[in-house]
Amino acid sequence: TLAIDANNHQKQIREQVIGNPVALHIGPNPTFGEEARKVEDHILHFSGDLYGCNVEIEIIDKIRSVTKFDSLEALKNQLRQDVNQVDVIVKQGTET
């Protein structure tokens, strides 16, 4: 059996994630008929498992309001644009 130290795991995750830009959604998902307000985050340039880890996010800008899209494809297209815009905003912030 393999035992994983949760604190060590969280430290390794923190080193991989710290400073990465995040695309954050706060609100309902009207495209899917969901009215419950929730928070969803997408950490750019990271693929890993963060379940069980505490994550601190600093909000620096708002891109757009919650929108109902006509199709899943339209939503995916907008999300790609949002992620690109987040990268641009963060890059501009680090250049000053």
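Me: About how much space lies in the largest pocket?
Reply: Keep in mind that this is a predicted model. Rolling a probe the size of a water molecule over the atoms shows where empty space is left. For the largest pocket, that space comes to about 1600 Å³.

Me: Which residues lie nearest the centre of the largest pocket?
Reply: The lining is made up of 48 residues. Among the elements that each supply at least two of them are α1 (6-17) and β1. Nearest the centre you'll find Val-22, Ala-23, Leu-24, Asp-41 and Ile-57.

Me: Which element supplies the largest share of the lining of the largest pocket?
Reply: Four elements are worth checking here, since each supplies at least two lining residues: α1, β1, β2 (34-43) and α2 (72-95). One of them gives nine residues, the largest share. That element is α2.

Me: How many residues in the lining of the largest pocket are nonpolar?
Reply: Sort the lining by class. Charged residues number nine and polar ones twelve. The nonpolar count is 27.

Me: What residues line the second largest pocket?
Reply: This pocket holds about 150 Å³ of space. By class, its lining has four nonpolar, three polar and one charged residue. By name, they are Asp-41, His-42, Ile-43, Phe-46, Ser-47, Gly-48, Leu-50 and Val-55.

Me: Is Asn-29 buried or exposed?
Reply: Start with its place: Asn-29 is in strand β1, which covers residues 22-29. The relative accessible area of Asn-29 is 12%. The cut-off for buried is under 20%, so Asn-29 is buried.

Me: What side chain does the side chain of Asn-29 join in a polar contact?
Reply: Let's set the partners apart. Leaving aside neighbours within four places in sequence, Asn-29 is in contact with Glu-34, Lys-38 and Glu-40. The polar contact in question spans 3.2 Å, and the side chain at its other end belongs to His-25.

Me: Is Ile-59 buried or exposed?
Reply: Ile-59 is found in the loop between β2 and α2. Its relative accessible area is 57%. Exposed means over 50%, so Ile-59 is exposed.

Me: Which residues is Ile-59 in contact with, leaving aside its neighbours within four places in sequence?
Reply: One clue comes from Ala-23, which is 36 residues from Ile-59 along the chain. The C-alpha atoms of these two are separated by 9.5 Å. As for contacts beyond those sequence neighbours, Ile-59 has Leu-24 and Ile-26.

Definitions and conventions: Residues are numbered from 1 along each chain as its sequence is written. This is a predicted model: local features need pLDDT of at least 70, side-chain atom pairs count only at pLDDT 80 or more; totals for chains, interfaces and linings use all residues. Side-chain values use heavy atoms; hydrogens and water are left out. Buried means under 20% relative accessible area, exposed over 50%, partly exposed in between (1.4 Å probe, protein chains only). A polar contact is a pair of N or O atoms within 3.5 Å; within protein, one must be able to donate a hydrogen and the other to accept it, and residues adjacent in sequence count only if both atoms are side-chain atoms. Contact means heavy atoms within 4.5 Å. On a 1 Å grid over the protein atoms alone, a cavity is a set of points where a 1.4 Å probe fits but cannot get out, and a pocket is an open set with protein on both sides within 12 Å along at least five of seven lines; lining residues have an atom within 4 Å of a point. Grid points are joined across faces, edges and corners, and a volume is the space filled by probe spheres set on the points. Ala, Val, Leu, Ile, Met, Phe, Trp, Tyr, Cys and Pro count as nonpolar, Asp, Glu, Lys and Arg as charged, and the others, Gly among them, as polar.
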